[in-house]
Amino acid sequence: AMDSVARAMPALMRAEKIQSKARKAGFDWEEVSPALDKLSEEVGELRQAVMEHSNVEEELGDLLFAAVKVGRFAGVDSETALQKACEKFIRRFRRVEQLSQCPLTQLDVPELERLWREAKNEER
C-alpha cells in the first residue's frame, strides 16, 4: 500500500499520504482523541531522548508524524499550517526587533520573552 507514495514529496505531505493509505487499509483510529494521546506520548519520548542525547532525530520525526495525524483528523493541511506558523514567527520576530532598544544579542532570555509576549499580545 505504501509503495506508491513518492519519496520526493515534502515530508509533511508525504506523511499525510502515508497516513491516508494506512487509513484506507483499515489502520487508523476512529477519532482524534487517541491521536492526541499519541502526540503527547511522542512529546515525552522526545523530551527523554533530548535529555539522554540519544535518538533525538528519530523521536522528533515520530512527533512530527503524530502531529500530522492530529492535523488530518482536524481537517488541517500540515504543510499549510507550518507555512502559516513560519510567517507568524517572522512577523512576531520583526516586531520584537522593533520593540527592542538594542540588538537582541544584548538582551537576556527573560527580556526577550517579555518582548515576545508583547509582540504576541499586539496581534490580539
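Select Ala-35, Leu-39, Leu-46, Leu-63, Ala-66 and Val-70 in this predicted model. These six residues form the largest nonpolar core. Helices α2 (32–52) and α3 are the elements that contribute two or more residues to this core. In soluble globular proteins, nonpolar side chains tend to be buried together.

Next, centre the view on Leu-63. Setting aside residues up to four places away in sequence, Leu-63 touches Leu-39, Glu-42, Val-43 and Leu-46. Another core, of five residues, lies apart from the largest one. To display part of this other core, select Val-96, Leu-99, Leu-107 and Leu-115, which are among its members.

Now turn to Glu-59, which is located in helix α3. Is Glu-59 paired in a salt bridge or unpaired, and how far away is the nearest side chain of opposite charge? Glu-59 is buried and has no salt bridge. The nearest side chain of opposite charge is that of Lys-38, at 7.9 Å; a salt bridge would require the side-chain nitrogen to be within 4 Å of a carboxyl oxygen. When neighbours within four places in sequence are left aside, the contacts of Glu-59 are Glu-42, Glu-45, Leu-46 and Ala-49.

Proceed to the loop between α2 and α3, where His-53 is found. His-53 is not a glycine, yet its phi is positive, at about 55°. The relative accessibility of His-53 is 71%, so this residue counts as exposed. Asn-55 belongs to the loop between α2 and α3 as well. Asn-55 likewise has a positive phi, of about 60°, without being a glycine. With a relative accessible area of 48%, Asn-55 is partly exposed.

Finally, select helix α4, residues 78–99. Helix α4 comprises 22 residues and extends 31 Å from its first C-alpha to its last, close to the 32 Å expected at 1.5 Å a residue. Which residues of α4 are buried? They are Ser-78, Arg-92, Val-96 and Leu-99. Viewed down the axis of α4, the buried residues fall within an arc of 65°, so they line one face of the helix. Colour Lys-84, Arg-94 and Gln-98 to mark the other side of α4, where these residues are exposed. To inspect what covers the buried residues of α4, display α1 (11–24), α3 (56–73) and α5 (109–122), which are included in that cover. Val-96 and Leu-99, buried in α4, also lead back to the five-residue core, since both are among its members.

Notes. Residues are numbered from 1 along each chain as its sequence is written. This is a predicted model: local features need pLDDT of at least 70, side-chain atom pairs count only at pLDDT 80 or more; totals for chains, interfaces and linings use all residues. Side-chain values use heavy atoms; hydrogens and water are left out. Helices (H or I, at least four residues) and strands (E, at least two) are DSSP runs, numbered from the N terminus. The expected span of a helix is 1.5 Å times one less than its number of residues. Buried means under 20% relative accessible area, exposed over 50%, partly exposed in between (1.4 Å probe, protein chains only). The arc is that of the directions from the helix axis to the C-beta atoms. Contact means heavy atoms within 4.5 Å. A nonpolar core is a set of buried Ala, Val, Leu, Ile, Met, Phe, Trp, Tyr and Cys residues joined through side-chain atoms within 4.5 Å. Lys and Arg count as positive and Asp and Glu as negative; His and the chain ends are not counted.
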